[in-house]
Amino acid sequence: KTFNYHQSVGKPNAYSFGVRGCVFHHNNKYQHLWATAGDDGKIYIFYCKMFRDKFADPILIPLKILYLKKHRFLDLKWHKTQPWIFGACSDGVTRLYTAL
């Protein structure tokens, strides 16, 4: 299956990838949350619904899109106990997003 959410910036070639990071929440209460950050300046936050059947595909539900206009995200980290996400940007600022 193909995951087409982030877009490459510039000319598409073998070395211009759009995704910079993918992180999963480690707390048991929020373990189904995960997020991706890309060169297009967007963070996509998803909920992953898993089934007991090992051969069934999980359902990925997009929850929120966080967007920066002039910069891009370089890295992501989840808070240890809360559903908050930290995004490191190309302008040298780390942003905290709490209202997910």
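## Exercises on strands, core and rings

Phe-73 is buried, with a relative accessible area of 0%. The model is predicted.

**Exercise 1. Classify the ring pair of Phe-73 and Tyr-97, and state how far apart in sequence the two residues lie.**

Solution.
1. Take the distance. The ring centres are 6.4 Å apart. The cut-off for a pair is 6.5 Å, so the two rings pair.
2. Take the angle. The planes stand at 65°. Over 60 degrees counts as edge-to-face, so this pair is edge-to-face.
3. Place the residues. Phe-73 belongs to strand 5 and Tyr-97 to strand 7, 24 residues apart.
4. Check burial. Tyr-97 has a relative accessible area of 18%. Buried means under 20%, so Tyr-97 is buried.

**Exercise 2. Describe the open sheet that holds strand 5 and strand 7.**

Solution.
1. Order the strands. The sheet has three, in the order 5-6-7, with antiparallel pairing.
2. Find the edges. Strand 5 (73-78) and strand 7 (94-97) each pair on one side only.
3. Get the twist. Neighbouring strands are turned by 20° against each other on average, direction ignored.
4. Count the bridges. Strand 5 is joined to strand 6 (residues 85-89) by five. Asp-75 has Ala-88 in strand 6 as its bridge partner.

**Exercise 3. Trace the pairing from strand 2 through strand 3 to strand 4.**

Solution.
1. Start with strand 2 and strand 3. Five bridges pair them in the antiparallel sense. Ala-35 is opposite Ile-45 of strand 3.
2. Inspect the hairpin. Three residues lie between these strands, and Gly-41 takes a positive phi near 80°.
3. Go on to strand 4 (residues 59-67). Strand 3 pairs with strand 4 over eight bridges, again antiparallel. Leu-60 in strand 4 is the bridge partner of Cys-48.

**Exercise 4. Locate the largest nonpolar core and the residues that touch the most other members.**

Solution.
1. Size it. The core has 15 residues.
2. Pick the residues. Ala-35, Ile-43 and Ile-85 touch the most other members.
3. Find the suppliers. Strand 2 (33-38), strand 3 (42-49), strand 5 and strand 6 each give at least two residues.
4. List contacts. Beyond four places in sequence, the residues Ala-35 touches include Val-23, Ile-43, Leu-76, Trp-78 and Ile-85.

**Exercise 5. Classify the pair of Phe-24 and Trp-34.**

Solution.
1. Count first. There are four aromatic pairs.
2. Apply the geometry. The centres of Phe-24 and Trp-34 are 5.7 Å apart, with 20° between the planes: stacked.
3. Compare exposure. Phe-24 is partly exposed at 48%, whereas Trp-34 is buried at 8%.
4. Widen the view. Ring pairs link both residues with Tyr-44 and Phe-46 into a cluster.

Notes
Residues numbered from 1 in each chain as written. Predicted model: local features only at pLDDT ≥ 70, side-chain atom pairs only at ≥ 80, totals over all residues. Heavy atoms only, no water. Pairing = 2+ DSSP bridges. Helix = DSSP H or I, 4+ residues; strand = E, 2+ residues; numbered from the N terminus. Axes fitted to C-alpha atoms, helices over the stretch in contact; angles between N-to-C directions. Core = buried A, V, L, I, M, F, W, Y, C linked by side-chain atoms within 4.5 Å. Buried < 20%, exposed > 50% of the residue type's maximum accessible area, 1.4 Å probe, protein only. Contact = heavy atoms within 4.5 Å. Phe/Tyr/Trp six-rings, centres within 6.5 Å; stacked < 30°, edge-to-face > 60°.
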